[in-house]
Structure formats: C-alpha cells, structure tokens
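Student: Could you take me through one part of this structure slowly? I'd like a close look at a single strand and what sits around it.

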Amino acid sequence: MHILFSTANVLTALVHVEFINLITYGASEMGSYFLVQPPYQSALEDIEKLYPQLSVSHHIVTDPVYTRCADLMPVGDDMLAKFYYTTRSRRRTANFTVFISNAADCDGHASAFLATGLRKLVLSFTALACQ
C-alpha cells in the first residue's frame, strides 16, 4: 500500500524533493492519519505557493499485514526496495531523496540499508518503545 502527498507543481518545478517513509499499519499510525492529513496537505499547498520552483512529495509505504514493528522488520528492506524500484518509472526523478525512519522501522535498518546503497539521506527516529 502506498499513500502519496505531493504539491501540484511536481511536473513544472525545477527542484523536486522526495520523502519516503516506511510505517506499520497499526491503529496509532493509521488512526492518526485523518488528523494529520489536512494540516500536512495545507503545508504542501503553502510550499507550492511560496516556493513555486520547489515540489515536494511524501510517499508512505505500508501494508495492512504488518501492524507491529516486529512483524515489519524482517521484510522492511524488501518493501522499501520494491516500492522504490517498481514505482521509479512512474515517479518524477527527485533531485533530493530522504528516507525517513521512524518507530515502524525500529532499528532503522531498512531505510539505512537502501538509502546508503543509493547515496541518499536518512532521517531516523528511535522510540523507546521499540528498544
């Protein structure tokens, strides 16, 4: 499953920044989606207005099968790689790609492994609950 947020100027902007985030399909992540989506979309609209030469897209990669961190960790590498490579031809090539690692990718391995091989940036957050 893939959820996409992006500015509308993806095809016309000069610089495209892409965020890719692996998350579990748990109640806390998907339950809060409807609360955070409207302000997030508003922020993307502001970016588009204030910086017309910049486009931003945020890809959330998840699967309803994986509701716990421990379930997602063994397949996280493959999920991210599959998303990145199979959707690459349909996505605009980013000037800057950021893999965001959060509590769903408990050890940050999936994001770090793929991003390092691609020479991309990884932003990581490790929650105490995952340790």
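What follows is a walk along one strand, then a few other spots in the chain.

Student: Which strand has six of its eight residues buried, and what does that say about its place in the structure?

Tutor: Let's start with a reminder that we're looking at a predicted model. The strand you want is E2, which covers residues 15-22. Six of its eight residues are buried, so E2 is largely enclosed by the rest of the structure.

Now look at what lies beside it. Strand E3, residues 54-61, is joined to E2 by eight bridges, and the two strands run parallel. If you want a place to begin tracing the pairing, find Val15, which has Leu54 of E3 opposite it. E3 is also a good partner to look at, since it has the highest mean pLDDT among the elements of the protein chain, at 87.

Next, pick out Glu18. Its side chain makes a polar contact of 3.1 Å with the side chain of Thr97. Thr97 belongs to another strand, E4, which spans residues 96-101. With a relative accessibility of 3%, Thr97 falls under the 20% cut-off, so it counts as buried. While you're looking at strands, here's a handy general point: in a regular strand, side chains alternate between the two faces of the sheet.

Moving on from the strands, there's one aromatic pair in the structure. It's made by Tyr84 and Tyr85: their ring centres are 5.1 Å apart and their planes sit at 85°, so the pair is edge-to-face. The two are worth viewing one after the other. Tyr84 is buried, at 4% relative accessible area, whereas Tyr85 is partly exposed, at 43%.

For a helix, try H1, residues 27-50, where you'll find Gln37. Gln37 has a relative accessible area of 24%, which makes it partly exposed. Along the sequence, Gln37 and Phe5 are 32 residues apart, yet in space their C-alpha atoms are 8.7 Å from each other.

Finally, a word about confidence. The mean pLDDT of the protein chain is 74, with 69% of its residues reaching 70 or more. Among the elements, strand E5 (residues 121-124) has the lowest mean value, 53. Over residues 125-131, pLDDT stays under 50, and the model gives that stretch nine contacts beyond four places in sequence. Where pLDDT is low, the predicted coordinates should not be read in detail.

Note on methods:
Residues are numbered from 1 along each chain as its sequence is written. This is a predicted model: local features need pLDDT of at least 70, side-chain atom pairs count only at pLDDT 80 or more; totals for chains, interfaces and linings use all residues. Side-chain values use heavy atoms; hydrogens and water are left out. Buried means under 20% relative accessible area, exposed over 50%, partly exposed in between (1.4 Å probe, protein chains only). Helices (H or I, at least four residues) and strands (E, at least two) are DSSP runs, numbered from the N terminus. Two strands pair if DSSP finds at least two bridges between them. Rings of Phe, Tyr and Trp (its six-membered ring) pair if their centres lie within 6.5 Å; planes under 30 degrees apart count as stacked, over 60 as edge-to-face and the rest as tilted. A polar contact is a pair of N or O atoms within 3.5 Å; within protein, one must be able to donate a hydrogen and the other to accept it, and residues adjacent in sequence count only if both atoms are side-chain atoms. pLDDT is the predictor's confidence in each residue, from 0 to 100. Contact means heavy atoms within 4.5 Å.
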